[in-house]
Amino acid sequence: MEFRLLRADEIDCRINQINTKGLSLLLYKDARCDMTLLDETVGPDNWQRQHELINGNLFCNVGVYVVRQNGYGEWVWKQDVGTESNTEKEKGQASDSFKRACVNWGIGRELYTAPRIWIPANNCTIKENGKDNRGNTRYVCHDKFKVTGIEYNDSREITYLEIVNMETGSVVYTYGTKSPKWYCYDCGNLIEDASFPDGKDYTADQIAGGSYKRYKVTLCATCYTARRAQDGNESNSD
Ligand SMILES: [Zn+2]
């Protein structure tokens with residue numbers, strides 16, 4: 001079973017480290033995203049979660065009903081433990097253990113391929129926030145950061161990442177190169193990966209390239225197929 005890759009709007013940014021020079025961000029998914037992907041991929045009736053306390057730690061078991069090739073179905077379970085969360089300890093551990101168990105199922109595992117995300121201090125507002133118990137100054141940043149673009153390769157690794165500081169609206173981080181987007185000359189839609197009537201799957205790049213070679217314009221799968229059918233009809237009527 002394969003879960004789809006997370007969209008940019010499903011990914012949260014949280015501050016990991018912060019000092020006077022800047023801050024680093026980590027990428028996260030929330031529990032609602034896990035529920036959505038489970039519903040979408042296995043169906044709402046085919047997954048369940050159970051919590052159990054082991055040596056004072058809250059674990060979550062996520063069960064998915066898997067139908068084997070011989071037609072027999074069974075519940076398969078994957079487990080993980082929540083980490084301590086200072087605020088709302090129990091609720092935090094429950095949610096955290098669920099999210100981690102879902103990573104064991106593969107949901108959002110691609111986020112572990114993220115590069116180190118460093119936002120320099122001139123791209124965010126860093127303030128002093130008292131002292132820690134060793135007397136060192138603590139820093140805080142209340143800016144909200146949002147992933148506005150993400151792309152992956154076939155190995156489900158992040159190849160492109162763009163992050164905006166929502167307070168300023170500026171792009172404050174980019175990684176990798178964005179793959180080119182192609183638009184259809186006939187209908188104006190974005191050209192996307194598609195299956196053709198011959199049953200083969202093609203990437204957007206292949207479709208754009210193929211249509212350009214034949215018609216000297218880039219076409220989406222629908223319009224490309226329509227033009228080819230038109231050509232077929234014309235040659236039949238000759
Ligand atoms: Zn089109």
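Biologist: Let's start at R156: with 13 C-beta neighbours inside 10 Å, how does R156 count?

Modeller: Keep in mind that this is a predicted model. R156 lies in the loop between β9 and β10, and its phi is positive, about 65°, although R156 is not a glycine. A residue is exposed with 12 or fewer neighbours and buried with 20 or more. R156 has 13 C-beta neighbours inside 10 Å, so it counts as partly exposed.

Biologist: And N55, which also has a positive phi: about what value does it take?

Modeller: N55 is in the loop between β3 and β4. With 6 C-beta neighbours inside 10 Å, N55 counts as exposed. Although N55 is not a glycine, its phi is positive, at about 50°.

Biologist: What about I54: is it buried or exposed?

Modeller: I54 sits in strand β3, residues 47-54. Its C-alpha is 9.2 Å from that of V81, which is 27 residues away in sequence. The cut-off for exposed is 12 or fewer neighbours. I54 has 9 C-beta neighbours inside 10 Å, so it counts as exposed.

Biologist: Let's zoom out. Into which domains is the chain divided, and how many Å separate their centres?

Modeller: Domain 1 covers 8-175 and domain 2 covers 194-237. Taken over C-alpha atoms, the distance between the centres of domain 1 and domain 2 is 40 Å.

Biologist: Is the chain compact or spread out, going by its radius of gyration?

Modeller: The chain has four helices and 13 strands. Its radius of gyration is 24 Å, while the globule rule gives 18 Å for 238 residues. Along the principal axes, its C-alpha atoms fill a box of roughly 90 × 55 × 25 Å. With a radius of gyration well over the rule's value, the chain is, next to a compact globule, more spread out.

Biologist: What percentage of the 238 residues in the chain are buried?

Modeller: To count as buried, a residue needs 20 or more other C-beta atoms within 10 Å of its own. In this chain, the buried share of the 238 residues is 21%.

Biologist: Which strand gives the largest share of the largest nonpolar core?

Modeller: That core has 30 residues, and the members touching the most others are V62, V147 and I163. At least two residues come from each of several elements, including α1 (31-42), β4 (57-67), α2 (89-104) and β9 (145-152). The largest share is four residues, and they come from β4.

Biologist: Is there a second core, separate from that one, and how many residues has it?

Modeller: There is, and I207, A208, L219 and A221 are among its members. The size of this second, separate core is nine residues.

Biologist: Back to V62: which residues does it touch, leaving out those up to four places away in sequence?

Modeller: V62 is one of the residues that touch the most other members of the largest core. Leaving out residues up to four places away, V62 touches W47, R49, W77, K78, F98, A101, C102 and W105.

Biologist: Which residues of α1 are exposed on the other side from its buried ones?

Modeller: The buried residues of α1 are C33, D34, L37 and L38. They fall within an arc of 135° seen down the axis, so they line one face of the helix. On the other side of α1, the exposed residues are R32 and E40.

Biologist: And which residue with a positive phi follows α1?

Modeller: The twelve residues of α1 should span 16 Å, and its end C-alpha atoms are 16 Å apart, which agrees. After α1 comes a residue with a positive phi near 95°, and that is G43.

Biologist: How wide an arc do the buried residues of α3 cover around the axis?

Modeller: α3 takes in residues 204-215, and its end C-alpha atoms are 16 Å apart, in agreement with the expected span. Its buried residues are I207, A208 and S211. They are on the same side of α3, because the arc they cover is only 95°.

Biologist: Last one: how many Å separate the C-alpha atoms of S97 and L58?

Modeller: S97 is found in helix α2, and with 24 C-beta neighbours inside 10 Å, S97 counts as buried. Leaving aside neighbours within four places in sequence, its contacts include H51, L58, F59 and V81. S97 and L58 are 39 residues apart along the chain, yet their C-alpha atoms are separated by 7.1 Å.

Technical notes. Residues numbered from 1 in each chain as written. Predicted model: local features only at pLDDT ≥ 70, side-chain atom pairs only at ≥ 80, totals over all residues. Domains from an automatic or database assignment. Core = buried A, V, L, I, M, F, W, Y, C linked by C-beta atoms within 7 Å. Contact = placed C-beta atoms within 7 Å. Rg over C-alpha atoms; globule rule 2.2 N^0.38 Å. Expected span 1.5 Å × (residues − 1). Arc of directions from axis to C-beta.
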